[in-house]
Amino acid sequence: MSAKHASETPAGKTKKFGKGERHIPHHSQTAKKYYPAEDEVKAKKVRKTIHPAKPRAALQPGTILILLAGRFRGKRVVLLKHLPQGILLVTGPFKVNGVPLRRVNARYVIATSAKVDLKGIDSKTVEKVGGEGYFAREKKEETKGEETFFKQGEKPEKKPVASARASDQKAVDKALLSNIKSEPHLLEYLRSSFSLRKGDRPHEMKW
């Protein structure tokens, strides 16, 4: 123990009891008489280092993917860009199969050998859509009282599509549609849905 540390700690008292001596520590060093009824919550230290996600070699921009989960599972979409944490930015296009600009997890897609030329696509719009906060949900104003009570059981109102998102969708799909139409049978391929039937062997299929 260093001299500096020894000087900071308060010294106790030494009392004599008959022939012997007893060291009584300072009151600040004695054990507590009372303890909290509940355990104090302490934040756990995260020791794992977050590594950047490595995309698969088959997941290149322009590749046609098959969605395996979510609302549009079975649909074929076009990969536009890689986003952080293994997320992909894809589009149907919307006029072809109804899939809008959306983010999907790279784990739940199958990369096919078919590709679409991304030449002529508005790169600024793609960067804007891929930015943080674009897909963030708007905070609802909580209404309490009679209105919420009487609205129970009613069908929720459909959210109107924002005009900014609709214009971004058109800007991205405009050049993409012209490139798709130039390739034979590619439009019909994107419109068709993927599904497995009895007797199909996915491990033997060529994507």
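Here is a short chat about the cores and salt bridges of this predicted model. Residues are numbered from 1 along each chain as its sequence is written, and side-chain values use heavy atoms, with hydrogens and water left out. Local features need pLDDT of at least 70 and side-chain atom pairs count only at pLDDT 80 or more, while totals for chains, interfaces and linings use all residues.

Me: Which helix supplies the largest share of the largest nonpolar core?

Reply: A nonpolar core is a set of buried (under 20% relative accessible area, 1.4 Å probe, protein chains only) Ala, Val, Leu, Ile, Met, Phe, Trp, Tyr and Cys residues joined through side-chain atoms within 4.5 Å. The largest one has 21 residues. β4, α3, α5 and α6 each supply at least two of its residues; helices (H or I, at least four residues) and strands (E, at least two) are DSSP runs, numbered from the N terminus. The largest share, five residues, comes from α5.

Me: How many salt bridges does a search of the whole structure find?

Reply: A salt bridge here is a side-chain nitrogen of Lys or Arg within 4 Å of a carboxyl oxygen of Asp or Glu. One of them joins Glu127 and Lys81, with the closest N and O atoms 3.0 Å apart. The search finds three.

Me: Is Asp168 buried or exposed?

Reply: Asp168 in helix α5 pairs with Lys128 in helix α3, 40 residues apart, and their closest N and O atoms are 3.4 Å apart. Lys128 is partly exposed at 45% relative accessibility. Asp168 has 7% relative accessibility, so it counts as buried.

How values were computed: Buried means under 20% relative accessible area, exposed over 50%, partly exposed in between (1.4 Å probe, protein chains only).
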